[in-house]
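Please open the model in your viewer and keep the selection tool at hand. The tour goes from the whole chain to single residues, one selection at a time.

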Amino acid sequence: MDKSHAQAQETRKRNEQIRKERIHREMEEVRAQAAALRQIRDNPDATPGERLEAIKILEDMKKRYVII
């Protein structure tokens, strides 16, 4: 294995790790947003419009991301 091949392999490994970390951060953000929307949905003091909007956004998120 020559130097350029090893360097390319190392770059691919580093890029893969960066992608994994980015995906992890993005999913953490999605989970936080879903939790906030659930709080609005379940808040008895929220207006019906706020609750409906939270439900719509949560349903959209369920389609886009794998959230429960």
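What follows is a series of selections, each with a short account of what is there.

Before selecting anything, note that this is a predicted model, in which local features need pLDDT of at least 70 and side-chain atom pairs count only at pLDDT 80 or more, while totals for chains, interfaces and linings use all residues. Residues are numbered from 1 along each chain as its sequence is written, and side-chain values use heavy atoms, with hydrogens and water left out.

**The whole chain**

Select the protein chain and colour it by secondary structure, and you will find two helices and zero strands; helices (H or I, at least four residues) and strands (E, at least two) are DSSP runs, numbered from the N terminus. The radius of gyration of the protein chain is 20 Å, well over the 11 Å that the globule rule gives for 68 residues, so the chain is more spread out than a compact globule. That radius is taken over C-alpha atoms, and the globule rule is 2.2 Å times the number of residues to the power 0.38. If you turn the C-alpha trace along its principal axes, it spans about 65 × 20 × 15 Å. With the surface switched on, the accessible area comes to about 5,800 Å², of which 53% belongs to carbon and sulfur atoms, as given by the Shrake-Rupley method with a 1.4 Å probe. Of the 68 residues, 12% count as buried, where buried means under 20% relative accessible area, exposed over 50%, and partly exposed in between (1.4 Å probe, protein chains only).

**Helix H1**

Next select residues 3-42, which form helix H1. H1 has 40 residues and reaches 59 Å from its first C-alpha to its last, close to the 58 Å expected at 1.5 Å a residue; the expected span is 1.5 Å times one less than the number of residues. Show the side chains of Val30, Ala34 and Leu37, which are the buried residues of H1, and notice that they pack against H2.

Two further stops on H1 are Ala6 and Ala8. Ala6 counts as partly exposed because its relative accessibility is 33%, and Ala8 counts as partly exposed at 30%. Draw a distance from Ala8 to Ala54, and the C-alpha atoms, 46 residues apart along the chain, prove to be separated by 46 Å.

**Helix H2**

Now move to residues 48-64, the 17 residues of helix H2, which should span 24 Å at 1.5 Å a residue, and whose end C-alpha atoms are 24 Å apart, which agrees. Which residues of H2 are buried? They are Ala54, Leu58 and Met61. These residues cover an arc of only 60° around the axis (the arc of the directions from the helix axis to the C-beta atoms), which puts them on the same side of H2. On the other side of H2, Pro48 and Lys63 are exposed. Ile57 also lies in H2, and it counts as partly exposed because its relative accessibility is 34%.

**Where the helices meet**

Finally, display both helices together: the buried residues of H2 pack against H1, contact meaning heavy atoms within 4.5 Å. Select Val30, Ala34, Leu37, Ala54, Leu58 and Met61, the six residues of the largest nonpolar core, a set of buried Ala, Val, Leu, Ile, Met, Phe, Trp, Tyr and Cys residues joined through side-chain atoms within 4.5 Å. The elements that give two or more residues to this core are H1 and H2.
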